[in-house]
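These are my notebook entries on a structure that was new to me. I began with one helix and then turned to the nonpolar cores.

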Amino acid sequence: MMKRKENRKSGCSGPQCALIFAAGILLLAAVDQGLKYLASITLKGTEGVTLIPGILELQYLENRGMAFGMLQGKQILFLIFCLAFFALIIYIFVRIPKNRYFLPLVVTGVFLAGGAAGNFIDRLFRGYVIDFIYFSCIDFPIFNAADIFVVCGGIALVLLTLFRYQDGDFEFLSGKHRKTEN
């Protein structure tokens, strides 16, 4: 219990944390966009590239749906969902105590938001998401780096809420009680 108290004390200031948070999101979105650009100039119009025969391939796909191609052509709906998700992430970030104890939760938020931003950019400017990673060994749907960021962030969020944080740790979300510990 004492160790947990120590971890809650040190952290960064609000503006400093916000800058790091935003930079992390921008970095992940930039990595995603860079990889999608490379995929579009090297894979579009080709049959793809086999990296590991029978296991991993790179194939260009324009996905006008969401995960696994569901809800094809509903770009406005996806943009609205994404904006609502960004609003939720910002709300949580503003309220979360800026200390070491909650750092894993903040990093998880960066991955979720960075991945969402990467696909949001595609939907907004292209009208579709570029996917290019294909696991042929299990015939898994083609995906991209942003999808990896979101899935890893989602898994981390579940693991953190199950094994690290307790119900009382999320009081900062309730508006009734705001922790001022830094």
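Entry 1. The model is predicted. I looked up which residues of H5 are buried, and found Ala145, Ala146, Phe149, Gly153 and Leu160. Viewed down the axis of H5, these buried residues fall within an arc of 100°, so they line one face of the helix. I noted the general reason: an α-helix has 3.6 residues a turn, so residues three or four places apart point the same way. On the other side of H5, I found Leu162 and Phe163 exposed.

Entry 2. I asked what the buried residues of H5 pack against. The partners are helix H2 (14–42), helix H4 (103–125) and strand S3 (129–135).

Entry 3. I checked the length of H5, which runs over residues 145–163. At 1.5 Å a residue, its 19 residues should span 27 Å, and the end C-alpha atoms are 27 Å apart, which agrees. At the N-terminal end, Asn144 caps H5, with a side-chain oxygen 2.9 Å from the backbone nitrogen of Ala146.

Entry 4. I turned to the largest nonpolar core, which has 25 residues. Its members that touch the most others are Phe21, Ile25, Phe86, Ile96, Phe102, Leu105 and Tyr165. H2, helix H3 (75–95), H4 and H5 each supply at least two residues of this core. The largest share, 7 residues, comes from H4.

Entry 5. I followed Tyr165 further, leaving aside neighbours within four places in sequence. Tyr165 is in contact with Tyr101, Phe102, Leu103, Pro104, Leu105, Leu160 and Phe170. I also recorded a second, separate core of 9 residues, including Ala39, Tyr60, Ile133 and Phe143.

Methods. Residues are numbered from 1 along each chain as its sequence is written. This is a predicted model: local features need pLDDT of at least 70, side-chain atom pairs count only at pLDDT 80 or more; totals for chains, interfaces and linings use all residues. Side-chain values use heavy atoms; hydrogens and water are left out. Helices (H or I, at least four residues) and strands (E, at least two) are DSSP runs, numbered from the N terminus. The expected span of a helix is 1.5 Å times one less than its number of residues. Buried means under 20% relative accessible area, exposed over 50%, partly exposed in between (1.4 Å probe, protein chains only). The arc is that of the directions from the helix axis to the C-beta atoms. Contact means heavy atoms within 4.5 Å. A polar contact is a pair of N or O atoms within 3.5 Å; within protein, one must be able to donate a hydrogen and the other to accept it, and residues adjacent in sequence count only if both atoms are side-chain atoms. A nonpolar core is a set of buried Ala, Val, Leu, Ile, Met, Phe, Trp, Tyr and Cys residues joined through side-chain atoms within 4.5 Å.
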